[in-house]
Amino acid sequence: MSENSGENSSDRSRSLLVLLAVAAVAVGFLAGFVARLPFEDSAPSTPAPDSVDVGFAQDMIVHHDQAVEMATIAITNSDDDRIRNIAYDILTTQQNQIGQMQGWLSLWDRALLPTGEHMVWMTESEDHGHGGHDATMEAEGASGSHLMPGMASAEDMADLRAARGHEFDVLFLQLMLRHHQGGLPMMEYGQQYASTTAVRDLAGTMVATQQSETELMTGLLAERGAEPLPMN
Amino acid sequence: MPSGSVSGGSGNSKSGAKSSKAIQAAKKKSGGARGVPPQRQIPWLTIGGVAVVVILVAVIAVSIIPKAQDKQALEAWTPSESNQDPSGEIEGVLKIDYPAGVHIAPGQRVAYDQSPPFGGPHDSVWATCTGTVYAQPVRTENMVHSLEHGAVWIAYNPDLVDDAGVDTLAAKVDGRTYTMMSPYPGLDAPISLQSWGHQLKVDSADDERIDQFIAALRLNRYTYPEVGASCSTIPGSFDPANPPAFDASEPGPDAVPMEAESVGEMQQAPAGS
């Protein structure tokens with residue numbers, strides 16, 4: 001009996017040893033995750049290159065950059081003070097926001113522009129209505145276009161530069177309205193899923209201001225007897 | 001904390017008498033344990049040491065694995081604080097330091113030291129570089145200014161690149177802001193990429209170094225002089241649908257030299273010539 005219990009004691013020690021080793025690994029992983037949590041919560045560490053924060057900033061810089069270009073043309077070529085005023089507002093606001101986003105990317109030590117496909121950071125849900133656009137973007141990619149929703153093509157921009165008077169004002173409003181609407185899902189996604197407070201806040205500001213500008217431009221278009229463009 | 005959990009289980013001398021059910025269960029399962037001497041010491045120090053090492057490895061792995069996954073394809077070619085000019089690792093890139101901000105008067109020419117040039121004095125008006133594909137050659141003095149704003153310029157010899165090659169290059173430019181592309185008659189290679197102070201000549205539009213060059217140098221805040229400058233242009237100063245024409249002739253004796261140093265000096269030059 002005493003011999004048996006001695007043997008069993010040794011067996012037990014062995015299984016205890018295995019259990020301990022497993023526990024140690026588990027505790028190790030847990031400790032690793034716990035140690036990372038404070039950095040992720042307050043996010044003073046740098047968001048990864050494939051994070052929502054970096055993806056939003058890089059793609060929104062591209063999106064804003066074209067709005068600045070369209071607004072620059074409108075300030076020079078429109079004869080209508082109300083059009084020039086909204087163009088000035090968009091130009092200065094979005095150029096400022098580009099600067100903010102480039103500042104973050106610099107602090108995070110990330111590239112200022114995306115290197116791969118656009119909007120790949122929007123992975124969390126499929127209900128933003130751009131699921132259909134992915135296929136469209138793929139198809140366009142083959143023919144040489146890499147445009148995000150709402151972006152004007154090179155032909156659109158050439159038409160805008162060539163237009164004058166009433167025709168210019170209508171085309172500018174149509175292109176800028178579509179541009180605002182196309183950027184909205186990205187802004188809403190950034191507002192919801194970015195890990196950095198400043199990113200969520202700026203994305204939320206973009207949603208609010210661009211929605212009010214969208215209403216204003218829709219009204220200005222209606223005054224000129226024109227219809228908005230369908231989303232591209 | 002982890003070593004505490006190890007020492008907490010060290011009631012080894014008492015463990016034999018604790019649970020007879022557990023002992024029975026262990027006895028049934030155990031096969032090879034019979035030859036082990038009953039009084040054998042369990043090496044808790046060794047176990048504890050191994051556990052600490054395992055924990056350390058786990059902690060390190062958890063913090064390092066995501067960083068390793070970050071390095072993907074072109075991402076590896078983008079600039080960072082520790083690798084400010086990744087183009088240094090691209091074979092064939094020519095680098096020259098040029099002083100920034102030297103402007104010429106409209107209509108003046110510059111006696112550039114490179115063809116296509118990638119730095120030096122330039123027109124005060126830059127060429128539109130918001131992902132702009134120019135079908136016709138453009139005045140070089142305007143294109144060089146866009147490089148100062150952070151753009152990458154893809155120049156190609158129209159006699160040496162076929163339509164498919166031009167389409168491949170255009171796909172890298174169209175809709176991608178801070179890039180521009182134009183034919184460059186007389187270019188001594190099929191394709192030449194320029195950013196401020198950097199040039200890479202390649203033979204094929206499919207050369208993988210083209211995308212690497214763009215990833216490394218487009219809007220690279222460590223390599224272009226005028227940080228924050230725009231690629232948009234004001235109508236009236238520059239029209240991308242009708243840009244100032246490329247001049248294939250040799251610059252004359254009145255051309256602005258590369259050594260020109262300030263805007264003030266430049267404004268004197270046309271008056272004297």
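I began with chain B of this predicted model, where 38% of the 273 residues count as buried. I then looked up the secondary structure of chain B, and I noted seven helices and eight strands. For contacts in chain B with a separation of 6 or more, I find that residues 24 or more positions apart account for 74% of them.

Next I turned to helix H6 of chain B, residues 209-217, and asked how many of its nine residues are buried. I count seven of the nine as buried, so I describe H6(B) as largely enclosed by the rest of the structure. I listed these buried residues as Ile210(B), Gln212(B), Phe213(B), Ile214(B), Ala215(B), Ala216(B) and Leu217(B). When I checked what the buried residues of H6(B) pack against, I found four strands of chain B, namely E5 (152-156), E6 (179-183), E7 (191-195) and E8 (198-202). I also noted that Leu219(B), just after H6(B), takes a positive phi of about 50°.

I moved on to the nonpolar cores. The largest has 96 residues, and I recorded Met70(A), Phe172(A) and Ile154(B) as those that touch the most other members. I then looked for the element that gives the most to this core, and it is helix H2 of chain A (residues 52-77), with 13 residues. Apart from this core I found another, of five residues, which includes Ala24(A), Ile55(B), Ala58(B) and Val59(B). I keep in mind that in soluble globular proteins nonpolar side chains tend to be buried together.

For Met70(A) I set aside the neighbours within four places in sequence, and I noted that Met70(A) is then in contact with Ala152(A), Leu160(A), Phe172(A), Leu175(A) and Met176(A).

I next examined how helix H6 of chain A (residues 165-193) packs with H7(A), and I noted an angle of about 155° with the axes 9 Å apart. Because angles over 145 degrees count as roughly antiparallel, I describe H6(A) as roughly antiparallel to H7(A). I recorded the crossing of H6(A) and H7(A) as left-handed. Sorting the residues of this contact by class, I have 13 nonpolar, ten polar and three charged.

Last, I looked at Ser212(A), which lies in helix H7 of chain A, residues 197-223. Is Ser212(A) buried or exposed? I note 9 C-beta neighbours inside 10 Å, and therefore Ser212(A) counts as exposed, since the cut-off for an exposed residue is 12 or fewer. I also looked up its separation from Leu113(A), 99 residues apart from Ser212(A) along the chain, and the C-alpha atoms of the two are separated by 28 Å.

Note on methods:
Residues numbered from 1 in each chain as written. Chains lettered and ligands numbered in written order. Predicted model: local features only at pLDDT ≥ 70, side-chain atom pairs only at ≥ 80, totals over all residues. Helix = DSSP H or I, 4+ residues; strand = E, 2+ residues; numbered from the N terminus. Buried ≥ 20, exposed ≤ 12 C-beta atoms within 10 Å, placed from the backbone. Contact = placed C-beta atoms within 7 Å. Core = buried A, V, L, I, M, F, W, Y, C linked by C-beta atoms within 7 Å. Axes fitted to C-alpha atoms, helices over the stretch in contact; angles between N-to-C directions. Parallel < 35°, antiparallel > 145°, perpendicular 65-115°, else oblique. Left-handed = near helix turned anticlockwise from the far one by under 90°. Nonpolar A, V, L, I, M, F, W, Y, C, P; charged D, E, K, R; others polar.
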